[in-house]
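Student: I am new to this structure and would like a close look at a single part of it. Could you walk me through one sheet, strand by strand?

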Amino acid sequence: MRSKHRATAYALGLAAALASVTYGGLPAAAASGTAWSAAPATADAAGPATWKAAGLVDEGQTICTRPTVGQRSLVLIRLVGSWPQLATDTNHLPAGSSVATYPIYPGSNDSPTQISSAVNVLLPALPLGTQRTAEVEVTDGVHTQTVAFHIVVTEDCTGFRL
């Protein structure tokens, strides 16, 4: 999935560069005759991310389910800072799980408690006692951050919170 995001980011960067040359003239290096490289920028050249992704709570959100039924849950994502459009994906889900992800549109937030987005996870019926840590991956095409969440299968989910 990451190669898809990289290819998309590279294509968008190339389109922006072509639009810049078409509408804004030649880059200064090209106009002065200085050699320049068309190699794609690396994450280091792009600088640090201007956003930070986190879960609902520092220790991670927990999805609790009983062994005889599947469970549909939202894994909540907090974003702090300012960000371009972001994409989400998941890693380490149990076999048979399905996910609905949604783009996170450009925005900004300085509240450490405001929820910015969610990923809809559908877990299948799992064996009693299953415990697993999965993660939501958030990326802008250059920077990728993960948000951990826990999956617990027990007879009684009383006392578990998001």
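In which sense do strand E8 and strand E9 pair, and over how many bridges?

Tutor: Happy to help! Please keep in mind that this is a predicted model. Strand E8 covers residues 131-139 and strand E9 covers residues 144-153; the two pair in the antiparallel sense, over nine bridges. To see one of these pairings for yourself, find glutamate 135 and look across to E9, where alanine 148 is its bridge partner.

Now let us step back to the sheet these strands belong to. It is an open sheet of four strands, in the order E2-E9-E8-E4, and its pairing is mixed. The edges are taken by strand E2 (61-65) and strand E4 (87-91). Each of these two has a single partner strand, so one side of each has no neighbour in the sheet. On average, neighbouring strands here are turned by 25° against each other, if direction is ignored.

Let us visit the E4 edge. E4 and E8 run antiparallel and are joined by five bridges. One place to look is alanine 87, which stands opposite threonine 139 in E8. Although E4 stands at an edge of the sheet, the strand is mostly covered, with four of its five residues buried.

At the other edge, E2 brings us to a special link. A disulfide is a covalent bond between the sulfur atoms of two cysteines. A search of the whole structure finds one disulfide. Its partners are cysteine 64 and cysteine 157, with their sulfur atoms 2.0 Å apart. Cysteine 64 lies in strand E2, while cysteine 157 is in the segment after E9, so the pair ties together parts that are 93 residues apart in sequence. The link of cysteine 64 and cysteine 157 is left-handed, with -85° about the S-S bond.

How covered are these two cysteines? Cysteine 64 has a relative accessible area of 11%, which makes it buried because the cut-off for that word is under 20%. Cysteine 157 has 24% and is therefore partly exposed.

So, to retrace the path on your screen, begin at the E8 and E9 pair with its nine bridges, move to E4 through the five bridges that join it to E8, and then go to cysteine 64 in E2 and its disulfide partner, cysteine 157.

Note on methods. Residues are numbered from 1 along each chain as its sequence is written. This is a predicted model: local features need pLDDT of at least 70, side-chain atom pairs count only at pLDDT 80 or more; totals for chains, interfaces and linings use all residues. Side-chain values use heavy atoms; hydrogens and water are left out. Two strands pair if DSSP finds at least two bridges between them. Axes are lines fitted to C-alpha atoms, for helices over the stretch in contact, and angles run from 0 to 180 degrees between N-to-C directions. Buried means under 20% relative accessible area, exposed over 50%, partly exposed in between (1.4 Å probe, protein chains only). A disulfide is a pair of cysteine sulfur atoms within 2.5 Å.
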